[in-house]
Amino acid sequence: MKLYEIENRIQEVIENGFSVDEETGELFESQDLEALEVTKAEKCLNVGKYVKNLLGELSMVENERKALQAREKALKNKVDSLKNYLEFYAYDQNFTDGAVKIKFTKQADELLIKKDLSEIPDLFIRTKPEVKEVNKVELKKFLKDGNSVEYAELVERKKKVTIK
């Protein structure tokens, strides 16, 4: 698409007389444009028109990219919404046919530490050389056995649906 009419000889030189590095977009100048027997003003104005044409094409590409990004976001949201529906409606049931397989998997519960390490009993602290950290495996077992503590809680993660 061309918004501006450019003199054919000048357009040919611009399109064919210059070499362009495709990776960087760098333009290697040719003497052909200078060799054309047209006024300096005519050359400059036509090069300017060519640049405006390129800017118009660039704008169309940017608009298309934005439209595709918006479409991508809408599709991702729709997928998430439908997966949430399946998690609610068909929780704990798997379905399979020749075209699709719907499977629910439960992720491991997450341990959420509510207080800093100094308030947690030594039973649940593991010390590595120079480092004091929570022994999450032991604390998680303790909480899964039905015990509760004020400094941590076990948060159940929701199931994850997989569609193949």
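**Salt bridges and an aromatic cluster in a predicted model**

The structure holds two salt bridges. The model is a predicted one, and the account below moves from these charged pairs to the overall fold and then to the aromatic rings. Side chains of opposite charge can pair when their charged atoms come close.

In one salt bridge, glutamate 72 is joined to lysine 76, with 3.5 Å between the closest N and O atoms. Both residues belong to helix H3, which spans residues 40-89, and they are four residues apart, about one turn of the helix. Glutamate 72 has a relative accessibility of 43%, so this residue counts as partly exposed, the class that lies between the buried limit of 20% and the exposed limit of 50%.

The other salt bridge is formed by lysine 141 and glutamate 138, at 3.6 Å from N to O. Here the partners are both in helix H4 and three residues apart, again about one turn of the helix. Lysine 141 is partly exposed at a relative accessible area of 48%, and glutamate 138 is likewise partly exposed, at 35%.

These helices take their place in a chain with four helices and nine strands. Read from the N terminus, the order of elements is α-β-β-α-α-β-β-β-β-β-α-β-β. Of the 164 residues in the protein chain, 21% are buried. The accessible surface amounts to about 12,900 Å², and carbon and sulfur atoms account for 53% of that area. Among contacts between residues at least 6 apart in sequence, 60% join residues at least 24 apart.

The aromatic residues offer examples of links across the sequence. A search of the whole structure finds three aromatic pairs. In one of them, the ring centres of phenylalanine 124 and phenylalanine 142 are 4.9 Å apart and the planes stand at 55°, so the pair is tilted. Phenylalanine 124 sits in the loop between strand E5 (110-113) and strand E6 (125-128), whereas phenylalanine 142 is in helix H4 (residues 136-144), 18 residues away. Phenylalanine 124 is buried, at 4% relative accessibility, while phenylalanine 142 is partly exposed, at 26%.

Phenylalanine 124 also pairs with tyrosine 151: the centres are 6.4 Å apart and the planes at 50°, so this pair too is tilted. Because phenylalanine 124 lies in the loop between E5 and E6 and tyrosine 151 in the loop between H4 and strand E8 (152-155), the pair ties together parts 27 residues apart in sequence. Tyrosine 151 counts as buried, with 7% relative accessibility. Through ring pairs, Phe124, Phe142 and Tyr151 are linked into a cluster.

Note on methods:
Residues are numbered from 1 along each chain as its sequence is written. This is a predicted model: local features need pLDDT of at least 70, side-chain atom pairs count only at pLDDT 80 or more; totals for chains, interfaces and linings use all residues. Side-chain values use heavy atoms; hydrogens and water are left out. Helices (H or I, at least four residues) and strands (E, at least two) are DSSP runs, numbered from the N terminus. Buried means under 20% relative accessible area, exposed over 50%, partly exposed in between (1.4 Å probe, protein chains only). Contact means heavy atoms within 4.5 Å. Accessible areas come from the Shrake-Rupley method with a 1.4 Å probe; for residues, only the protein chains shown count as cover. Rings of Phe, Tyr and Trp (its six-membered ring) pair if their centres lie within 6.5 Å; planes under 30 degrees apart count as stacked, over 60 as edge-to-face and the rest as tilted. A salt bridge is a side-chain nitrogen of Lys or Arg within 4 Å of a carboxyl oxygen of Asp or Glu.
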